[in-house]
Amino acid sequence: MKGHRLDQYDCAILRHMQRDASLTQRDLASLVHLSQNACWRRLQNLKAAGFIKGSTVVLDRADLGFGLVVFVMLRTRHHSADWLEKFRAHVSTIPEVIDFFRIGGDYDYFLKVVTQDMSSYDDVYQRLISKVELDSVTSYFAMEAIEEQRPLPI
């Protein structure tokens, strides 16, 4: 719902939920200083309004063997709707691409890729360029994750 206006309680619920979506209803209500029923109704309204799109678990990327993070900048000469649809569909089939943006500036697209190592990234790169024509692909390799998956500043 576009016209839904967030108040201090809604913002508090969102702040706590994005940090820990496994909070019990009792704990969440206590943290935001509402009764359990009032908190539950607000939570349901936030979901219905589209502010909450789901609940996920934050995994430890490195512990799971995804030690290499690559930021990929793409430039293309093609800007037709057909090319864009084909490109989006193709990139969406590559599971190592965890973030995908169309951007303004010198490049057209930005991808965040996670892989095990350089050899795995080369495999992703080969799959990326195999189905669509790109003008340039520039890769930046992360050396350290200083802050990752930070909550929104609500």
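**Aromatic contacts, nonpolar core and largest pocket**

In this predicted model, Phe 110 is partly exposed, with a relative accessible area of 21%, a value just outside the range for burial because buried residues are those under 20%. Phe 71 is likewise partly exposed, at a relative accessible area of 27%. A search of the whole structure finds eight aromatic pairs, and Phe 71 and Phe 110 make up one of them: their ring centres are 5.8 Å apart and their planes stand at 20°, so the pair is classed as stacked, given that planes under 30 degrees apart count as such. Phe 71 belongs to strand E1 (residues 68–75) and Phe 110 to strand E3, so that this pair ties together parts of the chain separated by 39 residues in sequence.

A further aromatic pair, formed by Phe 87 and Tyr 109, is tilted, with a centre-to-centre distance of 4.8 Å and an angle of 55° between the planes. Since Phe 87 is located in helix H4 (residues 81–91) and Tyr 109 in strand E3, the contact ties together parts that are 22 residues apart in sequence. Both Phe 87 and Tyr 109 are buried, and together with Trp 83 and Phe 100 they form one aromatic cluster. Another ring, that of Tyr 107, has the charged end of Arg 75 sitting over it, 4.4 Å from the ring centre.

In soluble globular proteins, nonpolar side chains tend to be buried together. In the present model, the largest nonpolar core comprises 17 residues, of which Val 72, Leu 74, Phe 87, Leu 111, Val 113 and Leu 128 touch the most other members. The elements contributing two or more residues to this core are E1, H4, E3 and helix H5 (118–130), and E1 gives the most, with four residues. Phe 87 therefore appears both among these core residues and in the aromatic cluster with Trp 83, Phe 100 and Tyr 109.

The largest pocket has a volume of about 1300 Å³ and is lined by 34 residues, with Gln 18, Thr 56, Val 57, Val 58 and Gln 149 lying nearest its centre. Two or more lining residues are given by each of helix H1 (8–19), strand E2 (97–102) and strand E3 (109–115), and the largest share, four residues, comes from H1. When divided by class, the lining of this pocket consists of 19 nonpolar, six polar and nine charged residues. Strand E3 thus contributes to the lining of the largest pocket as well as to the largest nonpolar core.

Methods. Residues numbered from 1 in each chain as written. Predicted model: local features only at pLDDT ≥ 70, side-chain atom pairs only at ≥ 80, totals over all residues. Heavy atoms only, no water. 1 Å grid on protein atoms, 1.4 Å probe; cavity = no way out; pocket = protein on both sides within 12 Å on 5 of 7 lines; lining within 4 Å. Points joined across faces, edges and corners; volume = space filled by probe spheres on them. Nonpolar A, V, L, I, M, F, W, Y, C, P; charged D, E, K, R; others polar. Phe/Tyr/Trp six-rings, centres within 6.5 Å; stacked < 30°, edge-to-face > 60°. Buried < 20%, exposed > 50% of the residue type's maximum accessible area, 1.4 Å probe, protein only. Lys NZ or Arg CZ within 6 Å of the ring centre and 35° of its normal. Core = buried A, V, L, I, M, F, W, Y, C linked by side-chain atoms within 4.5 Å.
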